[in-house]
Amino acid sequence: MKKASITKYMYDICAFAVVRASVTRTLEIADGLVNGGLPCMEISFTNNDAGECIKAVKNKYGNQIIVGAGTVLDSETARIAILNGADFIISCTADEDVAKMCNRYQIPYGPGCTTVTEAVNGLSWGAAFIKAFPISNFYGPKLVKIFKTPTPFMPVMASGGIDLNNINEWLENGVDFMGMGSLLTKGSAEEIAANAKKVKKAIDDFRNK
């Protein structure tokens, strides 16, 4: 049930921070997210110490926060992330070997897909959700309906260009998860907590209509 429970937890939270920072800074961001009631973050493997960042956050907060690995391009990196405690794996590409590795250890995988063909292939490999990348940056909220019209069963994650001004539009179009950058990663831990509370309120208000 690990894969299913983590995926459900991510859906319930709906938004998470996309982090590219040092271990010290990553912990500060985690403090803000936990205190702001939005305890979910993706740590990008564009950083050489991404594995250390994941381990540090999990050591401090354990199950109080969900920590994933981003920009995972191959199965070797996926295994490193999992060994360091990653709860989910996200990439900017779609890779069958990464999907198999994640399924083996019951870790949710979100491959980066530009076309519906790529996305359906990802689901066939066992992906838990599809990351619409990089097209979410170009098409905006309407891309969710473009994906979901022919494949309404497809869980879609968007990352890039999402903020408090347009979060409702993304939700109205049916997005399942949202990765957010500077809004949830810049400033002090207190400022991040304040922004996290605003994001959480926007999601809760929409879902409780």
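Is Asp-204 buried, partly exposed or exposed? Keep that in mind; Exercise 3 works it out.

This is a predicted model, in which local features need pLDDT of at least 70, side-chain atom pairs count only at pLDDT 80 or more, and totals for chains, interfaces and linings use all residues. Residues are numbered from 1 along each chain as its sequence is written, and side-chain values use heavy atoms, with hydrogens and water left out.

**Exercise 1. Describe the sheet, then look at strands E2 and E4.**

Step 1. Start with the strand order. The open sheet has nine strands, in the order E5-E4-E3-E2-E1-E9-E8-E7-E6, with parallel pairing. Strands (E, at least two residues) and helices (H or I, at least four) are DSSP runs, numbered from the N terminus; two strands pair if DSSP finds at least two bridges between them.

Step 2. Find the edges. Strand E5 (109-110) and strand E6 (112-113) each have a single partner strand, so one side of each is left without a neighbour in the sheet.

Step 3. Move to E4 (residues 88-90). Two bridges join E4 to E5, and these strands run parallel. Ile-89 stands opposite Tyr-109 in E5.

Step 4. Now take E2 (residues 40-44). Strand E1 (residues 15-19) pairs with E2 in the parallel sense over three bridges, and Val-19 stands opposite Ile-43 in E2. Five of the five residues of E2 are buried, so this strand is largely enclosed by the rest of the structure. Buried means under 20% relative accessible area, exposed over 50%, and partly exposed in between (1.4 Å probe, protein chains only). Cys-40, Glu-42 and Ser-44 point one way from E2, while Met-41 and Ile-43 point the other way.

**Exercise 2. Classify the ring pair of Phe-129 and Phe-177, then find charges over rings.**

Step 1. Recall how such pairs are described. A pair of aromatic rings is described by the distance of the centres and the angle of the planes. Rings of Phe, Tyr and Trp (its six-membered ring) pair if their centres lie within 6.5 Å; planes under 30 degrees apart count as stacked, over 60 as edge-to-face and the rest as tilted.

Step 2. Apply the cut-offs. A search of the whole structure finds two aromatic pairs. The centres of Phe-129 and Phe-177 are 4.7 Å apart and their planes are at 75 degrees, so this pair is edge-to-face.

Step 3. Place the pair. Phe-129 lies in the loop between helix H6 (116-124) and strand E7 (130-132), and Phe-177 in strand E9 (residues 177-180), so the pair ties together parts that are 48 residues apart in sequence. Phe-129 and Phe-177 are both buried.

Step 4. Look for charges over rings. The test asks for NZ of Lys or CZ of Arg within 6 Å of the ring centre and within 35 degrees of the ring normal. Arg-79 lies over the face of Tyr-105, at 4.0 Å from the ring centre. Arg-207 lies over the face of Tyr-11, at 4.2 Å from the ring centre.

**Exercise 3. Compare the settings of three salt bridges.**

Step 1. State the rule. A salt bridge is a side-chain nitrogen of Lys or Arg within 4 Å of a carboxyl oxygen of Asp or Glu. The structure holds eight salt bridges.

Step 2. Take Lys-58 and Asp-87, whose closest N and O atoms are 2.9 Å apart. Lys-58 lies in helix H3 (residues 50-61) and Asp-87 in the loop between helix H4 (75-83) and E4, so the pair ties together parts that are 29 residues apart in sequence. Lys-58 counts as buried at 15% relative accessibility, and Asp-87 is buried at 10%.

Step 3. Turn to Asp-176 and Lys-148, which meet at 2.7 Å, N to O. Asp-176 is in the loop between helix H9 (167-172) and E9, and Lys-148 is in helix H8 (residues 142-148), 28 residues apart. Both Asp-176 and Lys-148 are buried.

Step 4. Finish with Lys-200 and Asp-204, which meet at 2.8 Å, N to O. Lys-200 and Asp-204 are four residues apart in helix H10 (residues 189-207), and are therefore separated by about one helical turn. Lys-200 is partly exposed at 34% relative accessibility. As for the opening question, Asp-204 is partly exposed, with a relative accessible area of 28%.
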